[in-house]
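Here are a few friendly notes to read with the structure open beside you. Take the points one by one and find each residue as you go.

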Amino acid sequence: MKKLLVFLLSITLFTACKNDAKTEEQTVETETNSYNQNDGLVTMRGEFIYVAKDDAAVLQTSNEIYGVVVDDKMHELNNQLAEYKKEETDMVPVTVRVKRFESNDTNTWKYRVEIKEILKIEEPSENKDDVIKLGS
């Protein structure tokens with residue numbers, strides 16, 4: 001009888017621990033999938049900048065910096081940001097749906113994103129304490 005009780009208790013504890021890990025994985029997956037859609041796209045919020053002379057674009061989120069694929073959708077986003085930019089180097093807060101992938105090029109960012117949908121563009125904050133401007 002004791003062996004049966006210990007066996008049932010062990011199985012109960014083992015399955016309870018196993019379910020906790022699944023719950024944590026599901027939470028992370030829900031945060032990264034945009035609106036719980038299983039289309040492979042991710043919603044990202046961050047600051048966007050495009051430098052035309054270098055033909056380079058970057059999306060900086062709170063955790064990571066991503067190189068952005070320069071294509072028609074990226075140019076569309078940059079054109080929409082024109083009214084918010086005072087200088088070419090201004091970063092503008094955006095929310096976009098993107099396809100995220102690892103970069104094969106060793107000289108660029110570790111991850112790159114391809115913009116698929118523009119959700120929201122916000123006006124940049126005027127009182128940024130982390131901006132240093134050099135004058136001549």
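Which residue in strand 2 does Val51 stand opposite? Keep that in mind while you look; point 1 has the reply.

1. Please remember that this is a predicted model. Now to the opening question: Val51 stands opposite Ala56 in strand 2. The pairing of strand 1 with strand 2 is antiparallel and has five bridges. Between these two strands the hairpin has four residues, and Asp55 takes a positive phi near 50° there.

2. Follow the chain onward to the next pair. Strand 2 covers residues 56-60 and strand 3 covers residues 65-68; the two pair in the antiparallel sense, with four bridges. Gln60 has Ile65 of strand 3 as its bridge partner, and Leu59 stands opposite Tyr66, also in strand 3. The link from strand 2 to strand 3 is a hairpin of four residues.

3. Next, look at strand 4. Strand 1 pairs with strand 4 over seven bridges, in the antiparallel sense, and here Val42 faces Val98, standing opposite this residue of strand 4. Strand 4 also pairs with strand 5, again in the antiparallel sense, over nine bridges. In that pairing, Arg100 stands opposite Val113 of strand 5.

4. Which way do strand 3 and strand 5 run, parallel or antiparallel? They run parallel, and two bridges join them. Val68 stands opposite Val113 in strand 5, so you meet Val113 a second time, having seen Val113 opposite Arg100 already.

5. Now put the pairs together. Five strands close into a barrel, and the order is 1-2-3-5-4, with mixed pairing. From one strand to the next, the twist averages 55°. If you trace the barrel on screen, try following that order rather than the numbering along the chain.

6. There is a helix to place as well. Helix 2, made of residues 72-81, lies across strand 1 (42-51), strand 2, strand 3, strand 4 (92-102) and strand 5 (111-121). With respect to strand 5, helix 2 runs at about 45°.

7. How many aromatic pairs are there? The count comes to one aromatic pair. The ring centres of Tyr66 and Tyr111 are 6.4 Å apart and the planes are at 50°, so this pair is tilted. Tyr66 belongs to strand 3 and Tyr111 to strand 5, 45 residues apart, which makes this a link between distant parts of the chain. In general, the distance of the centres and the angle of the planes are what describe a pair of aromatic rings.

8. Last, a look at empty space. A probe the size of a water molecule, rolled over the atoms, shows where such space is left. The second largest pocket has a volume of about 150 Å³. Its lining is made of Thr43, Met44, Arg45, Thr61, Ser62, Asn63, Glu64 and Tyr66. Strand 1 gives the largest share of this lining, three residues. By type, the lining residues of the second largest pocket are two nonpolar, four polar and two charged. You have met Tyr66 before: this lining residue is also part of the tilted ring pair and stands opposite Leu59.

How values were computed: Residues are numbered from 1 along each chain as its sequence is written. This is a predicted model: local features need pLDDT of at least 70, side-chain atom pairs count only at pLDDT 80 or more; totals for chains, interfaces and linings use all residues. Side-chain values use heavy atoms; hydrogens and water are left out. Axes are lines fitted to C-alpha atoms, for helices over the stretch in contact, and angles run from 0 to 180 degrees between N-to-C directions. Contact means heavy atoms within 4.5 Å. On a 1 Å grid over the protein atoms alone, a cavity is a set of points where a 1.4 Å probe fits but cannot get out, and a pocket is an open set with protein on both sides within 12 Å along at least five of seven lines; lining residues have an atom within 4 Å of a point. Grid points are joined across faces, edges and corners, and a volume is the space filled by probe spheres set on the points. Ala, Val, Leu, Ile, Met, Phe, Trp, Tyr, Cys and Pro count as nonpolar, Asp, Glu, Lys and Arg as charged, and the others, Gly among them, as polar. Rings of Phe, Tyr and Trp (its six-membered ring) pair if their centres lie within 6.5 Å; planes under 30 degrees apart count as stacked, over 60 as edge-to-face and the rest as tilted.
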